[in-house]
Amino acid sequence: MIREPAEVRLGENGAVEIPLGILAEAGLDPGSLLVAYSDGDGRVVLRRQEDVIRDLLERGEL
């Protein structure tokens with residue numbers, strides 16, 4: 001994996017724009033359905049909806 005960090009800003013309305021290169025590195029395409037959740041102080045996780053559903057059904061956790 002080639003980690004390409006980028007600084008992003010949390011907007012007044014709570015929106016964040018993530019550079020397309022970062023999404024591509026993660027294997028995400030424009031239009032992908034994602035689930036966002038907190039993973040502790042200062043950490044937000046984005047995951048494919050289908051992966052989250054599979055993990056919930058198979059393991060009962062995210």
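Confidence varies among the elements of this predicted model: helix 1, which spans residues 20-25, has the lowest mean pLDDT of the elements, at 90, while strand 1 has the highest, at 96. Over the protein chain as a whole the average pLDDT is 92, and 97% of the residues score at least 70.

The protein chain contains two helices and two strands, and along the sequence these elements follow the pattern α-β-β-α. Taken along the principal axes, the C-alpha atoms fill a box of roughly 35 × 25 × 20 Å. Of the 62 residues, 10% count as buried, and the chain exposes about 5500 Å², of which carbon and sulfur atoms supply 51%. Among contacts with a separation of 6 or more, those between residues 24 or more positions apart account for 5%.

The two strands can be taken together. Strand 1 (34-38) and strand 2 (44-48) pair in the antiparallel sense, with five bridges between them. Ser38 stands opposite Val44 of strand 2, and the hairpin formed by the two strands has five residues between them, including Gly40, which takes a positive phi near 115°.

From the hairpin the path leads on to helix 2, which covers residues 49-59 and in which Asp51, Val52 and Asp55 are buried. Seen down the axis of helix 2, these buried residues fall within an arc of 100°, and they therefore line one face of the helix. This fits the general geometry of an α-helix, which has 3.6 residues a turn, so that residues three or four places apart point the same way. The face of helix 2 turned away from the buried side carries Glu50 and Leu57, both of which are exposed. As for what lies over the buried residues of helix 2, the cover includes strand 1 and strand 2.

Asp55 deserves a separate look. Why does Asp55 count as buried? Its relative accessibility is 7%, and the residue is classed as buried because that value lies under the 20% cut-off. Leaving aside residues up to four places away in sequence, Asp55 touches Arg47, Gly60, Glu61 and Leu62. One of these contacts, Gly60, is also the residue that follows helix 2, and Gly60 has a positive phi, near 75°.

Conventions: Residues numbered from 1 in each chain as written. Predicted model: local features only at pLDDT ≥ 70, side-chain atom pairs only at ≥ 80, totals over all residues. Heavy atoms only, no water. Buried < 20%, exposed > 50% of the residue type's maximum accessible area, 1.4 Å probe, protein only. Helix = DSSP H or I, 4+ residues; strand = E, 2+ residues; numbered from the N terminus. Arc of directions from axis to C-beta. Contact = heavy atoms within 4.5 Å. pLDDT = per-residue confidence, 0-100. Pairing = 2+ DSSP bridges. Areas by Shrake-Rupley, 256 points an atom, 1.4 Å probe, with all protein chains shown as cover.
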